[in-house]
Amino acid sequence: MTDTTQDKLPDIRQTQLLHAPIDKVWKAVATAEGISVWFMPNDFQPIVGHDFHLDAGPYGKSPCKVTEIDPPNRLSFNWGKIWFVTFELVDKGGQTEFTLIHGGWSAEGATEYGEPHEVVRERMNGGWVGIVGKLSEYVGA
Amino acid sequence: MSEPNAASAERKHDVFQAISDPTRRSVLRLLGDRELPLNAISSHFPMTRPAVSKHLRILAEAGLVKERKVGRETRYRLDADPLRELKSWLAFYERFWENKLDALKRYVETDD
């Protein structure tokens, strides 16, 4: 845990080198079709200010809003009331370094779904395991 | 430096709330390896003792700080158990994103 000037917890940040050109990765992370394959069904559009929903199946739809679009390098959206998600893409000579940032961790963020942490975690865990399983089937076929 | 306001002091505090404040994180670090009375804790912060006391109460309500009386003095110490809960909560999301990024990798690395 590090000190920050803001009243927030540290972001989750993950980086992955993808063996695919940046334009292909951008298409996968900045179109509704692409996002629905690896993340969740949605009605995303790459337009700043666009309101859309991520569909977590039986766990409900999260209202989201696009806050930043900078093709093919950067995309941000608000996830629910508190969280934000940023995708960063860097061209690495035909490959792409992809970074995911999931931030906005605060008390309110933890209870985004209006339930105690433990309850949300248990319920969403089941849901997400299902989603990820479905994805593996789809892309692994 | 932020102080807890009246509204937040009335709520039951959870771990996220408790450690979202830089002062309270400093208090926890201070109590990491020793038990201290309020005076000793206050001397580390540019704020009044009642203000530090409020922070301690929020930490105590979240279960992060335990207190006990020694004579006329109340001493405070860290209880790290709730932090382990928090860690598993964040670890859950770490794992969630690892799965998603793996799915993205498989997706974009598949030939059209």
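**Exercise 1.** In what order do the six strands of the open sheet in chain A sit, and is the pairing parallel or antiparallel?

*Solution.* Keep in mind that we're working with a predicted model. Reading across the sheet of chain A, the strands run S1-S6-S5-S4-S3-S2, and they pair in the antiparallel sense. Now look at the ends of that order: S1 (12-18) and S2 (51-55) of chain A are the edge strands, each with a single partner, so one side of each has no neighbour in the sheet. Going from one strand to the next, the twist averages 25°.

**Exercise 2.** Take strands S3 and S4 of chain A and work out over how many bridges they pair.

*Solution.* S3 covers residues 61-70 and S4 covers residues 74-79 of chain A; six bridges join them, in the antiparallel sense. For a concrete spot to click on, try A:Val66, which stands opposite A:Phe77 in S4(A).

Next, the helix: H1 (residues 22-29) of chain A packs on the sheet and touches S1, S4, S5 (83-92) and S6 (95-103) of chain A. The direction of H1 makes about 165° with that of S5(A).

**Exercise 3.** Hop over to chain B and classify how helices H3 and H5 cross.

*Solution.* Start with the geometry: H3 (residues 22-30) and H5 (residues 49-61) of chain B pack at about 75°, their axes 10 Å apart. Angles of 65 to 115 degrees count as roughly perpendicular, so H3(B) is roughly perpendicular to H5(B).

Then list who does the touching. H3(B) brings B:Thr23, B:Arg24, B:Val27 and B:Leu28, while H5(B) brings B:His55, B:Leu56, B:Ile58 and B:Leu59. Sorted by class, this contact has five nonpolar, two polar and one charged residues.

Notes: Residues are numbered from 1 along each chain as its sequence is written. Chains are lettered from A and ligands numbered from 1 in the order in which they are written. This is a predicted model: local features need pLDDT of at least 70, side-chain atom pairs count only at pLDDT 80 or more; totals for chains, interfaces and linings use all residues. Two strands pair if DSSP finds at least two bridges between them. Helices (H or I, at least four residues) and strands (E, at least two) are DSSP runs, numbered from the N terminus. Axes are lines fitted to C-alpha atoms, for helices over the stretch in contact, and angles run from 0 to 180 degrees between N-to-C directions. Two residues are in contact if their C-beta atoms, placed from the backbone, lie within 7 Å. Angles under 35 degrees count as roughly parallel, over 145 as roughly antiparallel, 65 to 115 as roughly perpendicular and the rest as oblique. Ala, Val, Leu, Ile, Met, Phe, Trp, Tyr, Cys and Pro count as nonpolar, Asp, Glu, Lys and Arg as charged, and the others, Gly among them, as polar.
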